[in-house]
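Me: Could you take a close look at one part of this model for me? I'd like the side-chain salt bridges first, and then whatever ring pairs and helix geometry go with them.

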Amino acid sequence: MNSGADALALLPELFLLAGAVLALLTGSFTARERQWISRVIAVVASSASAVAAGVAFAAGPVAESMSVYDGSYILDGGTAAGRLVVALSALLVIALGVDELRGTARESETYVLILLASLGAVVLAGAADLLVLAVGFLLASIPLYALIGIGGTKAGAEAALKTYLLGALFGILLLLGVTVLYAVSGTTSYAGLRGTLAAAAPAVVGVGLVGVLAGLMFKAGAVPGHFWVPDAAEGSGTAVAAFATTVPKIGGFLAAYRLLEMMPGTVRWPLLIALLSVLTMTLGNLAAYTQSNPRRLLGWSTVSQAGYLLMPVAVAGSVPLALPSLVVFLAGYAVTNLAAFAVIAAYPDRMELRAYEGLAAARPWHAVALVVALLSLVGTPPTAVFLGKLTVFTAAWDGGFWWLTLAAAVNTVISLFYYLRWLAPAFRAASPDSPGAGEFSPRPWAGRTAVAGAVLVLVVGVGAGLAWAALGGLPAG
């Protein structure tokens, strides 16, 4: 393809970039009371990106995958799905954060950083070159550091510092891994890695691969790069917490999948990923048990979900079901996690699980939204995450990891109990000493987003299930 055609093929990415630049310029030259203009720009840019990505995704199942810019960026069903999920997630984040961000000193900057971090996640999802992967990692990480600390609170500053230090460490490991893989293969292109790495020393290839994977596990919020997630979920603003625990995963997991399916069989990376999967889901679930703060509970919950998302990555390239199952789970998880955070955004002052006592009586629709979101995170039919778990469990089983599937099933049962610790107070009458005493005055935009998100959870669960059956579970592109 020529450069003009290459640029045209990247319309979803260009819309996000143009929106970020325009929102930055607009916010720099308008008064604080008119910063809503930047929000409109961010919504338009995300919507345009979603539409362009949707068109590409609709063509994905029947179109052959192609690459642009000398094969450094791949365009296929996985990239199209990643673009679409990222753009729609950004829209939901903006919607649930309207009440929180309106009129604040850093409103326009927040929207700019959301668009840039979203662009970084998309670049990660489509990267087909180690250098593009490194650029995508930095683009997805640096705006995230600023977002977490942009509120100026003590907790936010602490979370931003922890995220930055971990990001710097794992970013260095990723760059070292890229250097090692390039040194032994003589190329940074994924297309050239498989053949050249097969003839290289397995120990050296393993060192390089572990370095790159360490950086991607940081983005995905999985072991060993997970430490920042609960602090970011608790210390940052609600909209930022929702974004940080959702969008980076999309790019991180798709990037890990693309790289691993190019790796030679001389390195036993599937076992490594399977072990990381078990460690991540188990640690996340056990840590969530002790949490009384709903934001921190969701932070550890998102760590456990990363463990399930690693299951199809462990069989990348060997099971046809792997990539579509990963995409389905990512879509279901994104809308579910954002719906749960929208409930928190509607009642930002309720910092304990017991503070939700009386929610069902006072705001039944919000209680229903909370039920749908949390039961979806468990994997209850017919919700979105249920289909995701069903497909990734099947992919892992087909790939020979029966023990991983059993461990995931056990963890799923375990997770039900700490989600019920949040649901039980919501359907219990408020006690006199309950924080808030049962008075629920929701923020309007966040409340509506919570209900809309719950509806989307069911729509994605049912709709994706029907589409999956119609397509026979075949990988797009």
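Reply: Here is a walk through the salt bridges, followed by the aromatic pairs, one bent helix and one buried acid.

Keep in mind that this is a predicted model. Searching the whole structure turns up eight salt bridges. Let's start with D76 and R258, whose closest N and O atoms sit 2.7 Å apart. That pair links distant parts of the chain: D76 is in the loop between β2 (73-75) and α4 (77-96), while R258 belongs to helix α13 (residues 247-260), 182 residues apart. Both D76 and R258 are buried.

Next up is R296, which has a salt bridge to D231 at 3.7 Å, N to O. R296 is in helix α15 (residues 294-313) and D231 is in helix α11 (residues 228-235), so this pair ties together parts that are 65 residues apart in sequence. How buried or exposed are these two? R296 has 19% relative accessibility and counts as buried, because the cut-off for buried is under 20%. D231 is buried as well, with a relative accessible area of 15%.

R296 also forms a salt bridge with E234, and here the closest N and O atoms are 2.8 Å apart. With R296 in helix α15 and E234 in helix α11, the pair ties together parts that are 62 residues apart in sequence. E234 is partly exposed, its relative accessible area being 32%. Through shared partners, salt bridges join K162, D231, E234 and R296 into one network.

Now the rings. The count comes to nine aromatic pairs. One of them is F137 with F218, a tilted pair at 6.1 Å centre to centre and 55 degrees between the planes. F137 lies in helix α7 (residues 130-149) and F218 in helix α10 (residues 202-220), so the pair ties together parts 81 residues apart in sequence. F137 is buried, and F218 is too. An edge-to-face pair is formed by Y289 and Y418, with 5.7 Å between centres and 75 degrees between the planes. Y289 is in the loop between α14 (269-288) and α15, and Y418 is in helix α20, so this pair ties together parts that are 129 residues apart in sequence. Y289, at 30% relative accessibility, counts as partly exposed, whereas Y418, at 0%, counts as buried. Back at F137, there is one aromatic cluster made of F137, F170, F218 and W228.

Since Y418 belongs to helix α20, that helix deserves its own check. Helix α20 covers residues 402-426, and at 1.5 Å a residue its 25 residues should span 36 Å; the end C-alpha atoms are 37 Å apart, which agrees. Even so, α20 has a kink of about 35 degrees, centred on L420.

One last stop is E107, in helix α6 (residues 107-126). At 1% relative accessibility, E107 counts as buried. The side chains of E107 and Y111 are joined by a polar contact of 3.3 Å. For the helix geometry behind that, an α-helix has 3.6 residues a turn, so residues three or four places apart point the same way. Leaving out residues up to four places away in sequence, E107 touches Q35, W36, R39, L101 and R102.

Notes. Residues are numbered from 1 along each chain as its sequence is written. This is a predicted model: local features need pLDDT of at least 70, side-chain atom pairs count only at pLDDT 80 or more; totals for chains, interfaces and linings use all residues. Side-chain values use heavy atoms; hydrogens and water are left out. Helices (H or I, at least four residues) and strands (E, at least two) are DSSP runs, numbered from the N terminus. The expected span of a helix is 1.5 Å times one less than its number of residues. The bend at a residue is the angle between axes fitted to the seven residues ending there and the seven starting there. A salt bridge is a side-chain nitrogen of Lys or Arg within 4 Å of a carboxyl oxygen of Asp or Glu. Buried means under 20% relative accessible area, exposed over 50%, partly exposed in between (1.4 Å probe, protein chains only). A polar contact is a pair of N or O atoms within 3.5 Å; within protein, one must be able to donate a hydrogen and the other to accept it, and residues adjacent in sequence count only if both atoms are side-chain atoms. Contact means heavy atoms within 4.5 Å. Rings of Phe, Tyr and Trp (its six-membered ring) pair if their centres lie within 6.5 Å; planes under 30 degrees apart count as stacked, over 60 as edge-to-face and the rest as tilted.
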